[in-house]
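This briefing covers the fold of one chain, the relation between two protein copies, and the surfaces that face two DNA strands. The points are grouped by topic.

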Protein chains: 2
Amino acid sequence: MDQNVFDDPRITAVGLLVEAHAGLTARFAAQYEQHGLSAVEFEVLMRLARSPGNQLRMTDLAAQTSLSTSGVTRVVDRMERDGLLCRRACPSDRRSSYAVVTASGLKRLDETLPGHLRIIEQWFTGQLEPAALDAMLDGLRRVRDAVHPGATAGSTDPVPAAHAGPA
Amino acid sequence: MDQNVFDDPRITAVGLLVEAHAGLTARFAAQYEQHGLSAVEFEVLMRLARSPGNQLRMTDLAAQTSLSTSGVTRVVDRMERDGLLCRRACPSDRRSSYAVVTASGLKRLDETLPGHLRIIEQWFTGQLEPAALDAMLDGLRRVRDAVHPGATAGSTDPVPAAHAGPA
DNA sequence: GCCCAACGGCTGTCTGAGCAACTATAGCCG
DNA sequence: CGGCTATAGTTGCTCAGACAGCCGTTGGGC
């Protein structure tokens with residue numbers, strides 16, 4: 001048996017990326033949960049909060065997250081039920097509706113963000129000296145630019161432009 | 001509004017990791033699908049194929065993948081139905097059963113692996129010069145070691161070592 | 001040898017996500 | 001203006017996975 005295949009440096013490299021991602025994601029999830037949020041809910045709050053008027057059309061929200069439009073419908077359903085955001089009719093297009101963060105949603109985000117940043121620092125950026133961190137991020141950026149499936153996923157639009165930058 | 005929070009370098013850093021991971025994962029999934037495999041199925045085949053005797057107890061398989069034990073039961077159900085692997089009773093412990101890769105499963109893995117490696121090289125390791133790649137992997141390794149939730153996930157055992165032994 | 005706590009695996013139930021189908025609206029073209 | 005196609009969002013269906021509970025097995029203590 002070609003046991004060596006499994007020690008291929010390429011496999012190892014992917015393993016590192018996947019494990020680092022999984023580990024970090026798990027830490028994030030644990031912290032989100034302390035504030036009654038799931039990862040997608042946090043993502044939705046972030047995307048909305050950084051958008052003009054704290055709002056985004058359902059479709060645009062879908063394009064900026066890793067969700068399908070139906071997925072967005074469901075998440076927004078839940079979050080609206082929980083009072084974190086609400087739907088608002090689009091005045092210029094009666095097919096569209098906006099998801100708008102409520103005061104409660106912003107408050108929740110404000111409560112969650114500091115801890116989130118602390119975790120990033122503790123387990124990710126703070127693990128490396130500045131130079132090493134930059135080197136890693138530079139590598140990640142180049143890989144990201146290569147595989148970039150739009151912005152985060154789901155969008156075939158190469159330059160969303162007004163969508164704000166990366167991340 | 002503290003718009004700057006969203007441009008925090010820590011947020012950006014996480015964004016890079018997440019997007020690189022997501023993009024790569026999507027490429028992998030597309031290639032797996034060409035061979036009739038899902039990501040978890042590929043993972044299961046890999047884990048089993050690299051284990052002594054091409055087999056692993058259900059619990060150990062769960063510990064090495066990102067699945068719960070019930071998740072493993074379901075995946076193994078499907079893969080057994082598809083002939084990629086089969087269950088075998090453990091002779092020394094009647095509670096345990098092994099998942100064993102079949103010839104068909106090994107063949108499927110052999111067919112899938114070359115393309116997988118090619119994709120890794122094309123979109124990940126090949127995107128950087130050796131020095132930059134090493135720098136990135138070094139960073140990822142340190143992050144991984146920090147967040148390490150066991151091996152990949154679920155296992156608190158730092159060195160699984162001799163899994164073949166019957167408890 | 002018997003009892004009991006721990007373990008390994010499986011199943012019932014629930015949640016969350018995607019796809020495809022549907023409804024309503026918009027915008028174009030004649 | 002009337003119709004036709006594309007678009008925005010929602011809903012039905014299905015599937016994958018987690019959790020909790022169950023059953024059979026094991027191994028230790030007595």
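A residue counts as buried here if 20 or more other C-beta atoms lie within 10 Å of its own, with C-beta atoms placed from the backbone. By that criterion, 37% of the 167 residues in chain A are buried. The model is a predicted one.

**Fold of chain A**

- Chain A contains 6 helices and 3 strands.
- Their order along the sequence is α-α-β-α-α-β-β-α-α.
- Among contacts in chain A with a separation of 6 or more, 51% join residues 24 or more positions apart.

**Relation between chains A and B**

- Two copies of a chain are related by a rotation about an axis and a shift along it.
- For this pair, a turn of 180° and a shift of 0.0 Å along the axis lay chain B on chain A with an RMSD of 0.1 Å.
- This relation is that of a two-fold axis.
- Both copies use the same surface, since 94% of the contact residues of chain B recur in chain A.
- Within chain B, the residue closest to the rotation axis is B:Met136, whose C-alpha lies at 2.0 Å.

**Surface near DNA strand C**

- There are 22 residues around DNA strand C, and the nearest are A:Ser70, A:Gly71, A:Arg94, B:Thr59 and B:Ser70.
- Two or more residues of this surface come from each of H4 of chain A, helix H3 (58–64) of chain B and H4 of chain B.
- H4(A) is the element that gives the most, with 4 residues.
- By class, the surface near DNA strand C comprises 5 nonpolar, 10 polar and 7 charged residues.

**Surface near DNA strand D**

- Around DNA strand D there are also 22 residues, of which A:Thr59, A:Ser70, B:Ser70, B:Gly71 and B:Arg94 come nearest.
- At least two residues each are supplied by helix H3 (58–64) of chain A, helix H4 (69–81) of chain A and helix H4 (69–81) of chain B.
- The largest share, 4 residues, belongs to H4(B).
- The surface near DNA strand D divides into 5 nonpolar, 10 polar and 7 charged residues.

**The two strands side by side**

- Ser70 of both chains is listed among the nearest residues for DNA strand C and for DNA strand D.
- Thr59 is listed from chain B for DNA strand C and from chain A for DNA strand D.
- Gly71 and Arg94 are listed from chain A for DNA strand C and from chain B for DNA strand D.

Notes: Residues are numbered from 1 along each chain as its sequence is written. Chains are lettered from A and ligands numbered from 1 in the order in which they are written. This is a predicted model: local features need pLDDT of at least 70, side-chain atom pairs count only at pLDDT 80 or more; totals for chains, interfaces and linings use all residues. A residue is near a molecule or strand if its C-beta atom, placed from the backbone, lies within 6 Å of it. Ala, Val, Leu, Ile, Met, Phe, Trp, Tyr, Cys and Pro count as nonpolar, Asp, Glu, Lys and Arg as charged, and the others, Gly among them, as polar. Copies are superposed by least squares on the C-alpha atoms of residues with pLDDT of at least 70 in both. Two residues are in contact if their C-beta atoms, placed from the backbone, lie within 7 Å. A residue is buried if 20 or more other C-beta atoms lie within 10 Å of its own, exposed if 12 or fewer, and partly exposed in between; C-beta atoms are placed from the backbone.
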